[in-house]
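Hi everyone, thanks for making the time. I'd like to walk you through one model today, so let me put it on the screen.

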Amino acid sequence: MRGGACLDFARMSALQNPARGRAGGFADWIGAAAQRRRTVTEAFVDTFAAWGYEYLATPLVEPLDTVAAGVGGGLQAQLFRFMDADGSLLALVGERTVSVARVVSTQLQGAQPPLRLCYAGPVLFNRPPLGGRRREAMQAGCELIGHAGLAADAECIAVAAAALERAGVTGVQIDVGHADFVPSLLDSANLDAASRERVAGALRGRDLVAVEEALRGTEAGDAERELLLAFPTLRGGREILDTAGTRIGDPRPRRVLADLAELWEVLGRHGITANVHLDLGAVRDWDYYTGPTFELFSADLGFPLGAGGRYDRLLAAFGTDAPATGFVLHVDRCCDALLRGSGENGKVDALRLGYSPGRAGEAQALAARLRQAGVAVALDLEPAIGNRGEPVVDGAARLDDDGALLWRYRGEEGSGVEALLAARTEGAR
Amino acid sequence: MSGGLRLALPGGALFEDACRLLSDAGVADIDAGRFDRQLRIATPTATVVKVRPTDVPVYVEMGACDAGIVGKDILWESPRDCYELVDLRFGACRLVLAAPQGSQLAEGRFPQSLRAATKYPIAARRFFDSLGLAVELIKLHGSVELAPAMGLADCVVDITATGRTLTANHLVEVAEAGRSTARLISNRASLKTRSEAVNQLAAALRRTVMAAATPVSGTSGPAASEPALRASALPDGDPGTSR
């Protein structure tokens, strides 16, 4: 399979068989792609662990009632739903924060805050196929529960950035916003309830044209109107907080600006402000998020690599009133970004070890020794006859009749096990 | 790729106006005629592709293009996760409920059960729901006006610019269900990772559109000076209407 990227079409079509179909929007991960997906997931979870986040695994299935307590109708409509034996409804999870919140409110009830928890696993969406969007995706994320301060928000942003860096995703841009900025602006804009809902709906739909239409003929103040209309451009470094601050008099949006200024300070101490943009017009799920929010982007991809924010109301839905913040990273999109960024398709490099007749035991012992030293070895299942004197191909080694070990590994060529181990160390550096 | 934005333009009725707008705004000097033989043209400032109107939101949402121009009517039917940045004002048309002349519905009385033929099931559903009417929708792919005459449906929900096609098929407008003009849409990530370029594009197009607009009150109504979406361009064969 590896190395043979091209399939024999004539042979494939001769074997027409409907049993070989695969559901739309789902993927098999094979060879280098599968390897990359695994190493990216591991890099994320290792980073989370390095920051003190405890790994937990939650089920792929949750009762629909549990899901409904945490996520809005929009996401619920996108879930695979089915019936349990007793007739109650179940769903395949489309995100895992709700599951973590359920665990925190049940098994982990009474644990000393703050709780640092992380997870990695697949999520599923029952979107119509053919849209080019995945219906199964790997997600890894963190939840920091029981701390209401901006230090917790900043830590989440820093962990997410560190995880992407460790996985080798470069050119990441972090957009930091605040879930209360636009709603507080709407509340201070002197709109009647119906207009407010129209403007909020248009902002939620990312439809600037409709925002303009909805604001026309309302009593909205000039500063608020201008800020709401400029929402995609309310973006930049620390300075935009001052720019926006000069135009706003109402205390609530001003408090948001002060929060973001403080958050910027803490992010500076984490050393990541170079990649951070403050985005006052960030359009996020305002019913769910309650404080700072963020999204991670790569120039190589049209979708966010990850997203997060403060969600102080969710735990209450499960009977535990605790502030919380967290984020999720989309492993598959990160893999896409890695592939597009480097164009390199990676390589699975296990060393193939062949041997002459009568040398099977020796070869087995050698393979064990190499594996112990960290070299992946695929040992031939049968001895090779009559290939003496031929050169070995890259990624292969051969134990000859006379007991000599010839190898080519990571572009180097040599003989003897010591030299091979040295080459491995070189390559790893 | 970083040399310029990647823009998707809709083939069909909006295409020439879209090309002209990009040229007038100084975004990309392109001539609609050049797309006769190729679908992708790279200029020093932008790479422009011509795709079917319904495919514009797909290219933009998936990040294959940073931004695109598309009719609002297309966005009704393919809700995609994009930013809608500017009303470009050309390609104005209306979505209307129309019924055969002399029918109950044409006189403003809604029968208890109603079948409506449409190419716009999502927009039509939203319209009827907002009125609280239970209507059975029949999705067609073209020549919707024919459906009442052949007994397939009691009425139609369809796009009209001049009303000529409706009249020619003995249909009268009962109510307006929506108004459409061309829009500038952008990919979510492009608005962040290429924000300067995308915001400049939006500003340039907005300026050009505003400068061209005669002082007509309201923005979304069809202005007389605009080359209205021709009714004759609607039947089958036009890339804009076959889905």
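Let's begin where the two chains meet: H9 of chain A lies across E5 and E11 of chain B, and runs at about 55° to E5(B). Please keep in mind throughout that this is a predicted model.

How many residues does each chain bring to that contact? Chain A contributes 16 residues and chain B contributes 18 residues. On the chain A side, the elements giving two or more residues are strand E7, residues 172–178, and helix H9, residues 208–215. If you sort that chain A side by class, you get eight nonpolar, four polar and four charged residues.

Now let's stay with H9(A) and look at its neighbour within the chain. Helix H8 of chain A covers residues 193–204, and its axis comes within 8 Å of the axis of H9(A), with a crossing of roughly 170°. At that angle, over the 145 degrees that serves as the cut-off, H8(A) and H9(A) are therefore roughly antiparallel to each other. Which residues make the contact? From H8(A) they are Ser195(A), Arg198(A), Val199(A), Ala202(A) and Leu203(A), and from H9(A) they are Ala210(A), Val211(A), Ala214(A) and Leu215(A). By class, this set has seven nonpolar residues, one polar and one charged.

A second helix pair in chain A is worth a look. Helix H7, residues 181–188, and helix H12, residues 251–270, have axes that come within 8 Å and cross at roughly 160°. That makes this pair, H7(A) and H12(A), roughly antiparallel as well. The crossing of H7(A) past H12(A) is left-handed. Here H7(A) supplies Phe181(A), Ser184(A), Leu185(A), Asp187(A) and Ser188(A), while H12(A) supplies Arg252(A), Pro253(A) and Val256(A). Sorted by class, the contact of H7(A) with H12(A) holds four nonpolar, two polar and two charged residues.

Between H7 and H8 of chain A there is a loop, and Asn190(A) sits in it. What is the phi of Asn190(A)? The value is near 65°, so to speak a positive phi in a residue other than glycine. Another backbone detail in chain A is the cis peptide bond that joins Pro113(A) and Pro114(A), with omega about 0°. You'll find Pro114(A) in the loop between helix H5 (97–105) and strand E5 (115–124) of chain A.

Stepping back to the whole of chain A, the division is into domain 1 (23–170 + 300–347), domain 2 (180–283) and domain 3 (351–428). Taken over C-alpha atoms, the centres of domain 1 of chain A and domain 3 of chain A are separated by 42 Å.

Over to chain B. This chain is divided into domain 1 (5–91 + 181–228) and domain 2 (93–179), and the C-alpha centres of these two domains lie 29 Å apart. Their contact takes seven residues from domain 1 of chain B and ten residues from domain 2 of chain B. On the domain 1 side, the classes are three nonpolar, two polar and two charged.

Next, the sheets of chain B. What is the strand order in the sheet of six? The order is E2-E3-E1-E4-E11-E5, in an open sheet with mixed pairing. At the edges are E2 (40–42) and E5 (82–87), each paired on one side only. Neighbouring strands are turned by 25° against each other on average, direction ignored. Inside this sheet, E4(B), residues 67–71, runs antiparallel to E11(B), residues 182–187, and five bridges join them. Look for Ala67(B), which stands opposite Ser186(B) in E11(B).

Helix H8 of chain B, residues 195–212, lies across E1 (5–10), E4, E5 and E11 of chain B, and runs at about 30° to E5(B). So E5 and E11 of chain B have H8(B) lying across them, and H9(A) lies across them too.

The other open sheet in chain B has five strands in the order E8-E7-E9-E6-E10, again with mixed pairing. E8 (135–139) and E10 (171–180) are its edge strands, and the twist averages 25° from one strand to the next. Five bridges join E6(B), residues 93–100, to E9(B), residues 155–160, and these two run antiparallel. Within that pairing, Val96(B) has Asp158(B) as its bridge partner.

Thanks for listening, and I'm happy to rotate the view for anyone.

How values were computed:
Residues are numbered from 1 along each chain as its sequence is written. Chains are lettered from A and ligands numbered from 1 in the order in which they are written. This is a predicted model: local features need pLDDT of at least 70, side-chain atom pairs count only at pLDDT 80 or more; totals for chains, interfaces and linings use all residues. Helices (H or I, at least four residues) and strands (E, at least two) are DSSP runs, numbered from the N terminus. Ala, Val, Leu, Ile, Met, Phe, Trp, Tyr, Cys and Pro count as nonpolar, Asp, Glu, Lys and Arg as charged, and the others, Gly among them, as polar. Domain bounds come from an automatic or database domain assignment. Axes are lines fitted to C-alpha atoms, for helices over the stretch in contact, and angles run from 0 to 180 degrees between N-to-C directions. Angles under 35 degrees count as roughly parallel, over 145 as roughly antiparallel, 65 to 115 as roughly perpendicular and the rest as oblique. A crossing is left-handed if the near helix is turned anticlockwise from the far one by less than a right angle, and right-handed if clockwise. Two strands pair if DSSP finds at least two bridges between them.
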